[in-house]
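Visitor: I have a structure open and would like to go through its architecture. Could you take my questions in turn?

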Amino acid sequence: MLILHDPQCADYGSSMRPEQPARVTRTATHLRTAHPDWSWRVPSAVVTDETLLLAHAPGHLRRLAQPRDFDADTPYFPGIDGHARRSVAAALEAARHALATRTPAFSLMRPPGHHATATNAMGFCYLNQIAIAALHARRHLGAARVAVWDPDAHHGNGTESILHADTTAGPHAGAFFFASVHQSPGYPGSGTHDLGPLTRNWPVAPRAPRAIHLAALREALDAVVAFQPDLILVSAGFDAYARDPITEMTLERGDFATLGRWLRETGRPAAAILEGGYSDDLPLLVEAFLEAWENPATINA
Ligand SMILES: [Zn+2]
């Protein structure tokens with residue numbers, strides 16, 4: 001297991017917000033102690049504007065550098081432009097590692113990204129690292145077909161809009177598949193239906209039984225595999241956990257291990273990127289997912 005992590009990602013924000021530095025610092029500490037055999041790497045590459053412009057409008061990059069809040073969830077923080085770019089760099093390196101070695105890579109960074117659209121930051125997200133990674137993998141890493149599996153409890157509206165625009169027309173037509181499983185109704189309110197055969201959504205009702213939610217996640221992953229992607233990118237959110245403070249879903253720790261096992265069983269190169277997950281148990285949920293993804297011996301452990 002390779003973990004891409006830059007400790008600087010904890011250098012902004014506040015413990016008064018759900019999306020807070022302790023999410024990653026506590027998870028990093030736990031994983032280093034519990035799995036001393038796992039490899040850690042600080043992403044070194046500086047992300048260029050050219051890379052960000054694969055997914056974002058030039059005006060959004062200029063706006064990110066301005067000291068003005070986007071919304072209450074997504075305020076301006078000093079240096080947020082650099083933090084968001086480092087999160088993108090980690091995602092790109094995770095994708096590169098997965099394609100080069102066919103072994104798991106996980107980006108343990110913040111801010112998350114899947115709500116960020118081409119032109120706007122929202123929902124704790126400033127740049128959409130998974131959409132950028134998908135576009136980058138196709139253009140520069142030799143992956144002709146890239147699928148995004150998004151089990152975060154919130155709809156990946158930003159990823160959906162960016163990849164849907166690219167997969168329906170132009171040079172990337174048919175190249176991307178997007179599958180989101182999320183609480184509905186819930187933030188941000190989208191994701192109630194499919195936008196097309198390659199842009200799919202599985203809305204799950206609040207407080208739905210675990211089995212219903214897991215069946216939707218399985219169906220979404222089956223659709224990802226049927227697309228026959230060269231690379232699977234996972235928007236790894238852990239906020240569908242039963243005790244997450246900002247959602248109303250029912251998954252337990254063992255269910256995140258199930259997701260990891262399923263991902264391994266696809267047999268395809270895959271990289272996962274931390275999105276949401278706000279409970280104090282986040283370190284244990286991430287560990288369950290990563291352990292089962294990497295190692296058959298930990299199934300149902
Ligand atoms: Zn979320």
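Guide: The answers below concern a predicted model, beginning with its sheet.

Visitor: In what order do the strands of the sheet run?

Guide: The open sheet has 8 strands in the order β2-β1-β3-β8-β7-β4-β5-β6, with parallel pairing.

Visitor: And which strands stand at the edges?

Guide: Those are β2 (39–41) and β6 (199–204); each has a single partner strand, so one side of each lacks a neighbour in the sheet. From one strand to the next, the twist averages 15 degrees.

Visitor: How many bridges link β5 and β6?

Guide: Strand β5 (residues 176–183) pairs with β6 over 6 bridges, in the parallel sense. Within this pair, A179 stands opposite R200 of β6.

Visitor: Which strands does α7 touch?

Guide: Helix α7 (residues 210–226) packs on the sheet against β4 (146–150), β5, β6 and β7. The direction of α7 makes about 175 degrees with that of β5.

Visitor: Turning to the helices, at what angle do α4 and α5 pack?

Guide: Helix α4 (residues 80–101) and helix α5 (residues 129–140) pack at about 45 degrees, and their axes are 9 Å apart. The two helices are therefore oblique to each other, and their crossing is right-handed.

Visitor: Which residues make that contact?

Guide: From α4 come S87, V88, A91, L92, R96 and L99, while α5 supplies Q129, I132, A133, H136 and A137.

Visitor: What is the make-up of that contact by class?

Guide: The contact of α4 with α5 has 7 nonpolar, 3 polar and 1 charged residues.

Conventions. Residues numbered from 1 in each chain as written. Predicted model: local features only at pLDDT ≥ 70, side-chain atom pairs only at ≥ 80, totals over all residues. Heavy atoms only, no water. Axes fitted to C-alpha atoms, helices over the stretch in contact; angles between N-to-C directions. Helix = DSSP H or I, 4+ residues; strand = E, 2+ residues; numbered from the N terminus. Parallel < 35°, antiparallel > 145°, perpendicular 65-115°, else oblique. Left-handed = near helix turned anticlockwise from the far one by under 90°. Contact = heavy atoms within 4.5 Å. Nonpolar A, V, L, I, M, F, W, Y, C, P; charged D, E, K, R; others polar. Pairing = 2+ DSSP bridges.
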